[in-house]
Structures are given as C-alpha cells and as structure tokens.
Amino acid sequence: MKKQRLILAVLLVALMLLPSLAAVVNAQDEVTLRWRTRPDNQAEIDVYTAASEAIDEAWEGVTLEYEPGGSETASYQDVLISEIEAGTAPDVFWIPGTDVARFAEAGLILNLADLAAADEDFSVEDFYAGPMSFLTTSIEEGTDALWGLPRDVSAFAVYYNADLFDEAGLPYPGEGESWTWDDLYASAEAIRGLGDEIYGFGINSWWANWGYFVNAAGSSFFNEDYTACGLNNENTVVGLEFAQSLFENDLAIAWGNDAEPPFLAGTLGMFVNGRWATPGTLANADFNWNVAPLPEGPGGPSNWIFWGAYVVNVNTEHPEEAWDLVTRLTSAEIQGQIASLGANIPSRATQEAVDLFLGTFPDSGINNQAFIDGLNVGVTEAPLFNGNWPAIDTAYGNAITQVFNGEITAQEFADTICDQVAGEFDAQ
Amino acid sequence: MKLLPDQPNRFSPLNLILLAAASLMLIAFVFLPLGDGLSGATFLTDPSSSDANMTPALFLLPLAAVSALLMAIWMVYDPPHREVAAFGLMLSGLIGLAYFAVYALNHGSDLSTAGQLAGSGFVVLLVIALVLTFQYVLPRPRLAAAEDSGFMIDLLACIFLNSFLIVLGVMAAAAVFQREDFFDLGRPVQTFAGLVCLLPVLFGVVSSLLLIQRHPDGRYITLAAYLLGGALSGFYLLQLWGVFIGIDDIANALYQNAIFLVGVAAAYGLIWLAGRLSDKNPWQGRLETIAGGVGMLSLLLLLWRGGALQGIGSVLDTYGDSRVWVVTLLAAAFVILFWRLLHRGAEFHETPDQQAAWQGWLMLAPNIIGFLLFFAGPLLLSFYLSFTNDTVGNVPSFTGLENYFAAFRDELFLRSLWNTFVFCLMLVPLAVIPALALSIILNSKIPGMKIFRAIYFLPSVAAVVGTALIWRWLYDPVIGFFNYIGQQIVTFLNSTFGTSLADPNIQWLTDGRVMLFSIVLLAAWQVIGFNTVLFLAGLQGIPRELYEAAYVDGAGRWRQFLNVTLPLLGPTTFFVVITTVITGLQVFNEPYALIFQRPMPEAARTAVFHLYDMGFSRFEFGYASAVAWILFAVIFTVTLLQFRINRSRAYEG
C-alpha cells in the first residue's frame, strides 16, 4: 500500500512539474505570427503557403502560421469579423480596399506610420499611387497614417470569344480602327444576331460593373473629396443610358445574372471581368478567346484599380514583427511568386514588377498588356472615410437594378440617388 | 498528546493554524505583490508580463494552498481518515516547495516579503504534515476495512483536481475582472462572465466537502463537472493540436489514399462470410482473424501513407507549448477520475433508481453540453447586445429599446419581413402537399422502393451551397434548363396548334416578380424529402384494419384517403407544417447562395439575410441582434398560434 502511495505521489509531483519544465523551454521560444489572406483556389493557397514557409525559413526568431481564410459555408469576411469580435483574429490579415476606412475608423487595424517612418528600406513610392493615397489617409488631424500595404492590384478587361467574332466577321475588340462604346454596341448587336441563345455582351451585377459606364461617361460615385455622392449629373445619365440600351435591346445578358457560365459555355461574345478570372477561363474555356481593354466612353478611357491590403491587427502582441511581415509579404520577390499564378498584378509599380506580370502565361497569347493599360486609366476603388459604404452600396445597387430592369429611367436615378444616400455621409 | 481531537467537527489549535496558514498562502499569492510589484493573479492572467512563460508553474502555488485548505477541512470532518488527509497535506507542501524551486531559479533573490512568507509557509506546512504522518500514518498502516485504499486515493485525487478547478476559477475570474476592454463587450457581460468563472470555485468547494462526507450529491456534482470539464478540455486540446484547422488535410489524406479502404471492405466481406458459417466450423475463427489482420493492416497503411507519422510528429511538436501539457493532464485527470468515480456507487450507497437517473443524464449530456456552449451562451449574449449600440471594435453602451424601434422604422427590414412571410406562404403548400403525395406512393410495396426513398431524401442532406449553384445554372436565362424546356414547349405548341405564343424567357433570378418564387422552388425541393420521411412514418403507423373496415363500408380509395388517412395523419401533418413554417421563417442559405446579385435585391431579401447583412456587412451587431429577437418573437408567436389552433381542432374532433 505504501508503495502504491509513493508511486502516486511521485507521479502527481512529476506531472505537476512537467508544465514548469515546458515553461522553461518556452522562455526561449520564438515570436509566432499568424497571418491570413483570401485565396481564390487551392493553387493560390499552395503559393501563399510556400511563400510563408520561405519567409519563415529566412527569418530568425519568428515563426509564421499561414491561415487561408474562409470556407465553403463561411465567407472570408464573416470569419474575420467574428474573430476580431472574439479577439482571436490573426496578427496580419488581408482586407479589400473598400474596407480599409471602416476597419481604420473602428480601431481594428494598427496605424503603421511610425513603424514605416523608422524603416529605412520602405518607400511609399514603390507602390501604385492610387491605393497608397487611401492607405495613408489620416483619420485624426495632425497625425500621419499608414493602414497597410497593398497585396496586389487588378483591373477589368473585356474577355471576348474570338470564335464568335470570327463568325460574325468582326475585328477583335481593340484591334479595329477604334474601340469605343459605339464599337462595343455594334459588336454586341452583330454577335447577338448569330443565334437566339447567343448574347453579345455580359457584365456581373456589382458596383464596379455599372460604375465603369458612369466613370467612362465622365461622372463619378463621389465628389472630389469623397464626402458626398457624385452621381447627380448628366454624365451619369449618359453612361447608364448606354448600359441600359444593351439590356433593353436584349444584346446583354439580363442584369443580375452571372455572365461567366454563358461565356465559358461559348454563348457570350464579350464579358467584362477582372484579372482574377484569367486562370479559370484558361482552364475551362474550350474556344479561342482573349482579352482587350475596356472600350473608351464619351468621357475617355476608364477602368477600375482594384486592390486589397495587408493590415496589422490592432491587438497584435508583436507590432514590429507584424510590420516586418507586411513588408516581406509585399516584397518584389514574394509578389513575383504570387504573380506567377497569373491571377493578380503585383502592387509594386516598378517596371520589374510589370515585366514579371507581362510574362505570365507566355504560351497562351493572352493580352496581359490590356490589364496594365487598364491600371493606367483606372479609378482607384475607394475606401470611404466619410461615409457608410455598405449602406451606400445597397442604395446605389437597388436603384441601379431598377434602372436596368426598366422600372425607373437613368435620369430619375441621377435626380434622386444623391438625396437617398445623403444621410449615409458623415458630413451631412 | 495527540495534535488533533478524535471527534469530528471539532477544531483544535492545530486545525486553526493549518486553515489560517493555507488561507494566507492563497491570499498572499493572489493579491499581494509577489515580485516586480505584480501579484500572482497578474502573472497568470497578463500574457505580456515578464513572467508569462512561468504561468504553468505559478499555478502550483495556489493549487497547493487550496489543496492544503481542503486537506485541513478533511482532518476536521473525517477523523478515521486523517492519514489520507495528512498525506495530501504533505503533497501540498511538496508542490508548494517545487514551485518555489522553479520560481527561485527564474528570479534568484528577487522575491518580495509576501513571496518569501508564502515560501516559508510551505516549509511549515510540510513540517506539520510530517508530524501528522508520524502520528497518524505510521502507527496505522492499514486503512479502515469498510473503505478500500483505492477509494481513498480516488477521493484524494478528486480533491486535488477540485483544488485545481478552484484555482482555475479564481484566476479566470481575476483575469476577466482585470481585463480593461473585455473583448469590447461591455461591463455587464464582463461581470456575468466573471461570475460564470467563479462557478468552478463554488463547485470545487461544495463537491469537495460533500465528497469528504460521502454524500451522494457530492458524487453526482463531481461527475457532472468532470464530464463537462473533460469535454471542454478535450475540445481545447484538439484545438491546441491544430486538429480543427487541419480537418481539410485529414480529409485530403483520406481521399488521396482511399484505395486502402478496399482492404477494410475486404475485411468486412470476410467477417460477413465468417458469419455465414456454422459456429462449429473452424474456418469461422480463422476468417475472423484474417479479416481482423487485413482490416488493421489496411488501416495502418492508410494512416502511414496519409502522413499519420508526420501528424503525430506535429502533435508532439505542440508539446513545446506548456499550455498543451496542462490541458492534456487536465483532460486525462477529468476522464480518469470521472470513470473511477462512476464505479464508486456502492461507497455512496447508490440505489438502482439513482443509477438509472444518472445513466439517463449521461446520455443527455452531449446535447446539454452542446446546447449550453453553442446555443444558450450566444443566445444570452445576443439578447444583451440587442439593447446596446454594439459595433465591431467598440465597447457597447446600453440604448434600451432603440434598436427595436429602429427596426420597425427600417423600410428594408419591413420589406424583408414581408418577403419572409410571402416566402413561407408559398413554401408550406409546395413542401407539404407534394411530400404527402410522395409518401403515399413510397408507402407501397413495390420492389426497389427503398432506393427511391433514399433518392427523394438526398436533397435534404445535400449542402445548400452546392445545390444552389446547380439550381443557378438551371435557372440561367441563356443556358438554363428551365427556359430551354419552356422554349421547347412554346415551339411545340406553336408548330402543332398554329398558335403564336411568345417564348416566356423567364428571368428567374433577376426579375423581382419571380425571384422569391425561384427561391421557394429550391427550398421546397430541399424540404420535400424530409417531410416525405415524416409522412411515411405517420402512414406506417395507421392500422391496416381501419382501411379494411372502410373498404367493407364501401369507401373507395379517395374516400379512404379523406376519412382515414388524413385525419390520422393529423399530428404528423401538424408537425410537418410547423417545422416547414419555422424553416421558412429562418430562410437564409437559399437566397444567399442562389441570388448572384449584390447588394441583394430587395425582392429577395429575407429577414435573416437582413440581420446577417446588418451585422457582418455593416458591423451593426446591436441592431442585428434586435432583428434576430424580433424574428424569434415572430416565430414563437406563429408556432404558438399553430399549437392553439391545433388544440382547439383536436377538442372539436
């Protein structure tokens, strides 16, 4: 019996002391940083994982844990918001450009200005100016701000079915004498004439798509300093009436439908989408296709500069290391690895980065230059520091649906929309 | 002279000294500065403190102090087993000294007066325990015959574990109360969470006292707490091992090496074959042995090829983190002691009825634990948040009923609520009547009917996201199947009858007039299978004799259906309608996955989508919570009304 007690006592003491020993080991442990970005597919997850491992290996004293965010049933954004609320969000994470303002204003992300100022290797000029102008917008007078660094940028292009253009006897988009809205309309009309089930044009139903028509007509979502709605003008009417004519005359796939499946099925002549769609189209389209710049509108050429940024969790325990990680993730070398997938354009505005992008899918004949041209004329998607973008997006979107469904005119939209959203801007 | 009185419930000077010493240890550790101007509680709860890495070791001191307290109480109440309590006291003293050894190694001479006092206290405790051991343990080498030594060891271990829970509870409560922002949830939630953290303290003290007195309730409370503790620590351990974030890897590994499952199937086949042989056939045993070998080998190969060795390596790597050790030990302690205490009914004079009762509760436990963790907690929190202006990143402040008033002023919410009602009105007939018809067909004894039943049930178990994508293609106005069928019908009619009907070319997912109906069709398709199974069960419960009697009375099939089937299916129909209505009022997945357009068109916006949108897109969690509770009230009222109507009909019948 005594022996049994002795064994029990020794066991208990040993078990109790084990954590202490582990604690001594832990005292010499490394800093661990968790980071996350939203990948679109497994190939991207693999590349980000490899990039994370490469950085980890070269970085003394820091261990990286890469977490691909989201799942089939929980979107990236929902998971992130839940974790932020629960205090378990990663140290560094990616957010879309439109979210930067509300994350900054809600105090969820760290202002990196001081850390960047102390970093001799960092220069704002290394990145595209549009995203950086928003990322350095201060929310407190008299203070500098840097909310993160752009992971990558992207732009729209017209994905076209070359076989349908050949069948209709049309020059490919951008390869004729001109490439304007009139040319777009004429091409769409000719392709629509090829068959009942074949449509000339398609866009998806979110803000950037109808926004292109507004921008290319010379109007804008917001006023110059982004403090109020900017759609109450004649140019908005011109842009929307043109887009509406495509739907009204049954040349375009009805607003609200996903235009990608018919394009991939070979029954759509032209489809506006971003660079992110290129790998999927390469994998799934079994007809000849290519991309062209967006056509020039009455207000000149236009496009969007889409972007998202790596930001640092305001509650991180390791802000210096987190900033270091952000710079490493946006280094030319890592961006080169990511760009090799062909889904994104590096956010560094150097010729080296552009060349790297232009070299992707070398055997496919894809007109990569169309996206770079798009960036050069693009309006940068804006995080709204002076308004409630989700509410404004809902109001804009619902009204646009009414326009494209023929329930209200473009003129009525322009006359009323700014009053509808006035209350959603801080200045009002 | 004996140091302790022989009668129970009598305090001697030594008892008082013991109690006071142990209490002071605990208070000194938790509240007084121990080193660097920080208290023990701060060390344990502030990960940024310089002693954060010492956290597991720091637990040893309060643990030992609490154990000493309980052992002293044991000595007072249970004179026949003082030797066990003395032994426990000695262990407490040892643990306390071990802590000081580790702590001193890390701090050298940097110990405050309180810290030194606590350390000295443990030396005193150890000396007292040694004296008691000499006085009580050595002269009585054998324990009382009525209670075996194994039981005493179990009790001792339970009291140690309870001590740990008390310490954990106090530390967790201290951590909660000390935290400045408490996850941006506000003071009321912080207070509530702090009080919840103190529950293990209450449990530890009460159950320990009851266990010492051999009170049956002490055993039940301990069993319940250890079950909950085992489940929680088990989940946390899996989290620390990285199992939850590695589920995709596990699935991939299994998928890529699925060929080895052929071996498992072969093993199953061999066992099936062995079962066909007579018991006397020597090949029965041989086949079972071969099957076992083949099955095990296949599984081992599957695990090996799937990277199980690397997986074990990864799990072992996590033991570099001291938390993993603590949680592993804790989980093991919970499970082992739960199991041992489960078999100690005789020592607590358990009756068969009591045994049956705890067995029932044990069966219910997984559901109760899941309910408490994943439903009751969030439910309470959302109720609180609905009265605040909670947004992401901000500490909520109380706003009373403002969110509720705002919801009824919000046109978008009212439209969403209206859409939800309309959705429900369309869903109920479309999901109930076809289900009833299907169940009557499937109730017949036609060969292969089981396969048809399975096929009809498939949509109910398929993931909405996947099926919605397929339906999106079916609804596509250009390449979709529905419009193609419509076009073919119109063409057929025009060519056959010379009519000039136009191709309807329905814009299923974009036309505001049909959008909601398109969603209803998908939802009904999904629910029908489940409803069919319920009706089928109801149909099979109707006695055949009633149909025979109706037949004799001259009732045809239709009359039998109206006068026998329908009335007797009443309770089933009631249940089916209620569950369908509740499903309809909570609709979210179908519009979310089916409608491509963003922002969600007003015509397809449902109440749950609205609350999701307000919470996750606009960060207005307070308002979203209010919407959720309004929806709850609506569902509750509708269900209550249905119950009332059903009851009054039952009385009328």
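These are my notebook entries on selected features of a predicted model.

**Setup.** I number residues from 1 along each chain as its sequence is written, and letter chains from A and number ligands from 1 in written order. Local features need pLDDT of at least 70, side-chain atom pairs count only at pLDDT 80 or more, totals for chains, interfaces and linings use all residues, and side-chain values use heavy atoms, with hydrogens and water left out.

**Entry 1: helix H10 of chain A.** I looked up H10(A), residues 234–248. Helices (H or I, at least four residues) and strands (E, at least two) are DSSP runs, numbered from the N terminus. The expected span is 1.5 Å times one less than the number of residues. For the 15 residues of H10(A) that gives 21 Å, and the end C-alpha atoms are 20 Å apart, which agrees. I then checked burial: buried is under 20% relative accessible area, exposed over 50%, partly exposed in between (1.4 Å probe, protein chains only). The buried residues of H10(A) include A:Val237, A:Leu240, A:Phe242 and A:Phe247. Their cover includes helices H8, H9, H17 and H18 and strand E6 of chain A; contact means heavy atoms within 4.5 Å. A:Asn233 caps the N-terminal end, with a side-chain oxygen 3.0 Å from the backbone nitrogen of A:Asn235. Just after the helix, A:Asp250 takes a positive phi of about 60°.

**Entry 2: salt bridges.** I count a salt bridge when a side-chain nitrogen of Lys or Arg is within 4 Å of a carboxyl oxygen of Asp or Glu. The structure holds 17 over all chains.

- A:Arg36 and A:Glu67 meet at 2.7 Å, N to O. The pair links strand E1 to strand E2 of chain A, 31 residues apart. A:Arg36 is buried at 4%, and A:Glu67 is buried at 14%. Both belong to a network with A:Arg34 and A:Glu83.
- B:Arg472 and A:Asp258 meet at 3.8 Å, N to O. This pair crosses between chains, from helix H19 of chain B to the loop between H10 and H11 of chain A. B:Arg472 is buried at 16%, and A:Asp258 is buried at 13%.
- A:Asp324 and A:Arg328 have their closest N and O atoms 3.2 Å apart. They are four residues apart in helix H13 of chain A, so about one helical turn separates them. A:Asp324 is partly exposed at 27%, as is A:Arg328 at 25%.

**Entry 3: B:Asn403.** I found B:Asn403 in helix H16 of chain B. B:Asn403 is buried, at 9% relative accessibility. The side chain reaches the backbone oxygen of B:Ser386 at 3.0 Å. Beyond its neighbours within four places in sequence, B:Asn403 has contacts including B:Phe387, B:Gly622 and B:Tyr623.

**Entry 4: backbone exceptions in chain B.** Most residues other than glycine have a negative phi, and most peptide bonds are trans. I looked for departures.

- B:Asn505 has a positive phi of about 40°. B:Asn505 sits in the loop between H20 and H21 and is partly exposed at 26%.
- B:Phe619 has a positive phi of about 70°. B:Phe619 lies in the loop between H26 and H27 and is buried at 5%.
- The peptide bond from B:Arg598 to B:Pro599 is cis, with omega near 0°. B:Pro599 lies in the loop between H25 and H26.

Methods
Polar contact = N/O pair within 3.5 Å; in protein donor to acceptor, adjacent residues only side chain to side chain.
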